[in-house]
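Biologist: I've got this chain open and I'd like to talk it through with you. Can you put it up so we're both looking at the same thing?

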Amino acid sequence: MTFVIGDIHGETRKLRQLINYIQEKDYNCNLIFIGDYIDKGNNPKETLDYLVEIDKDLNCVFLMGNHEFYWMKDSPEINKYLLNYGGKQTVKSFNCNTIKEARLLLKNQYKDFLANLVPYCFFENYFICHSGFKQNRKTKIISEIPIEDFLFNRYDFIKSNQLFQDKYKVIFGHTGFYSPYIDSFKIGIDTGACFLEEQPLTAFCLEKEFFLNSNGEVTSLSKISNSICPNIIRSKPWQEG
């Protein structure tokens with residue numbers, strides 16, 4: 001079976017629990033990670049180390065998140081953004097003092113991992129990317145769409161009633177909900193594991209269409225109402241104190 005895993009943000013303990021539950025369902029599972037592996041939680045480096053290890057044994061696809069995208073850039077504005085949105089936790093986990101110092105270590109120690117991040121992937125009738133897609137893009141030639149268009153979407157995308165390329169239902173992360181989001185056009189799997197200690201990390205099984213989280217809870221897609229939008233979590237990451 002193939003599972004798409006939501007935003008981890010340094011929550012290594014919840015990630016390990018989730019992988020254990022997934023492997024109880026299918027030991028030789030395929031995994032697609034939606035991006036945002038670092039920042040906010042207190043173990044970004046340990047998270048990366050764990051992902052590198054499981055990639056040796058399992059068939060993994062790692063998508064780019066907006067946080068990885070920004071860590072690969074370097075400007076005063078981007079550095080300020082990272083410090084305001086969880087980057088301090090990554091700096092701390094690398095035993096560094098500055099964003100610049102941590103960025104250098106990140107690029108050197110995880111060069112191969114970062115080089116292999118992809119902007120999106122397809123699975124049958126699903127299109128999987130970090131944050132959905134921009135609604136005003138007219139081109140249907142996917143190679144012409146800049147990666148940023150899949151990384152920073154939120155409210156306009158969530159309110160939209162549009163399949164990707166008028167064909168594919170979208171699976172996305174980036175926006176932390178208290179529970180998985182579903183409607184006829186999209187599925188949101190970021191359940192805000194980094195924001196509240198009790199919030200789980202969530203995965204979605206593509207073939208059998210059920211959610212599985214790091215608490216071991218299983219919920220069929222058909223059991224969730226698509227007429228109610230779950231609340232977006234608006235709190236400071238719990239690991240930041």
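Modeller: One term before we start: a residue counts as buried under 20% relative accessible area, exposed over 50%, and partly exposed in between. Also bear in mind that this is a predicted model.

Biologist: Fine. Then is Asp166 buried, partly exposed or exposed?

Modeller: Asp166 is in the loop between α8 (155-159) and β6 (169-172). Its relative accessibility is 51%, and the cut-off for exposed is over 50%. So Asp166 counts as exposed.

Biologist: And what is the phi of Asp166 near?

Modeller: Asp166 isn't a glycine, yet its phi is positive. The value is near 60°.

Biologist: Asp39 caught my eye too. What is its relative accessible area?

Modeller: Asp39 also has a positive phi without being a glycine, at about 70°. You'll find Asp39 in the loop between β2 (30-33) and α2 (44-54). Asp39 is buried, and its relative accessible area is 0%.

Biologist: Let's zoom out. How does the radius of gyration sit against the globule rule?

Modeller: The secondary structure comes to eight helices and eleven strands. For 241 residues the globule rule gives 18 Å, and the chain is close to that, so it is as compact as a globular protein of that length. The radius of gyration itself is 17 Å.

Biologist: What share of the residues in the chain is buried?

Modeller: For a sense of scale, the C-alpha atoms fill a box of roughly 45 × 45 × 35 Å along the principal axes. Of the contacts between residues at least 6 apart in sequence, 66% join residues at least 24 apart. The buried share of the 241 residues is 54%.

Biologist: How far apart are the centres of the positive and negative side chains?

Modeller: The accessible surface comes to about 11400 Å², with 46% of that belonging to carbon and sulfur atoms. On the charge side, there are 28 positive and 30 negative side chains. The centres of the two sets lie apart by 5 Å.

Biologist: Now the five-stranded sheet. Which strands stand at its edges?

Modeller: The sheet is open, with mixed pairing, and its order is β4-β5-β6-β8-β7. Each edge strand has a single partner, so one side of each is left without a neighbour in the sheet. Those edge strands are β4 (120-123) and β7 (181-182).

Biologist: Do β4 and β5 run parallel or antiparallel?

Modeller: β4 and β5 form a hairpin with two residues between them, and Glu124 in the turn has a positive phi of about 50°. Tyr120 stands opposite Cys129 in β5, while Phe123 stands opposite Tyr126. Four bridges join the two strands, and the sense is antiparallel.

Biologist: On the other side of β5, which residue of β6 is the bridge partner of Phe127?

Modeller: β5 (residues 126-129) pairs with β6 in the parallel sense, over three bridges. Tyr126 has Lys169 as its bridge partner in β6. For Phe127, the partner is Val170.

Biologist: And moving on to β8, which residue there is the bridge partner of Ile171?

Modeller: β6 and β8 (residues 186-188) also pair in the parallel sense, again over three bridges. The partner of Ile171 is Ile187.

Biologist: Which residues of β5 are buried on its two faces?

Modeller: In a regular strand, side chains alternate between the two faces of the sheet. In β5 both faces are covered. On one side the buried residues are Tyr126 and Ile128, and on the other they are Phe127 and Cys129.

Biologist: What is Val118 in contact with, leaving aside its neighbours within four places in sequence?

Modeller: Val118 is in the loop between α7 (111-115) and β4. At 27% relative accessibility, Val118 counts as partly exposed. Its C-alpha is separated by 30 Å from that of Ser222, 104 residues apart along the chain. The contacts of Val118 are Val61, Phe62, Leu63 and Met64.

Biologist: Last one: what is Asn79 in contact with, setting aside the same sort of neighbours?

Modeller: Asn79 is in helix α4 (residues 76-84). Its relative accessible area is 17%, so Asn79 is buried. Beyond four places in sequence, the contacts of Asn79 are Asp74, Ile99 and Arg103.

Terms used. Residues numbered from 1 in each chain as written. Predicted model: local features only at pLDDT ≥ 70, side-chain atom pairs only at ≥ 80, totals over all residues. Heavy atoms only, no water. Buried < 20%, exposed > 50% of the residue type's maximum accessible area, 1.4 Å probe, protein only. Rg over C-alpha atoms; globule rule 2.2 N^0.38 Å. Contact = heavy atoms within 4.5 Å. Areas by Shrake-Rupley, 256 points an atom, 1.4 Å probe, with all protein chains shown as cover. Lys, Arg positive; Asp, Glu negative; His and termini not counted. Charge placed at Lys NZ, Arg CZ, Asp CG, Glu CD. Pairing = 2+ DSSP bridges.
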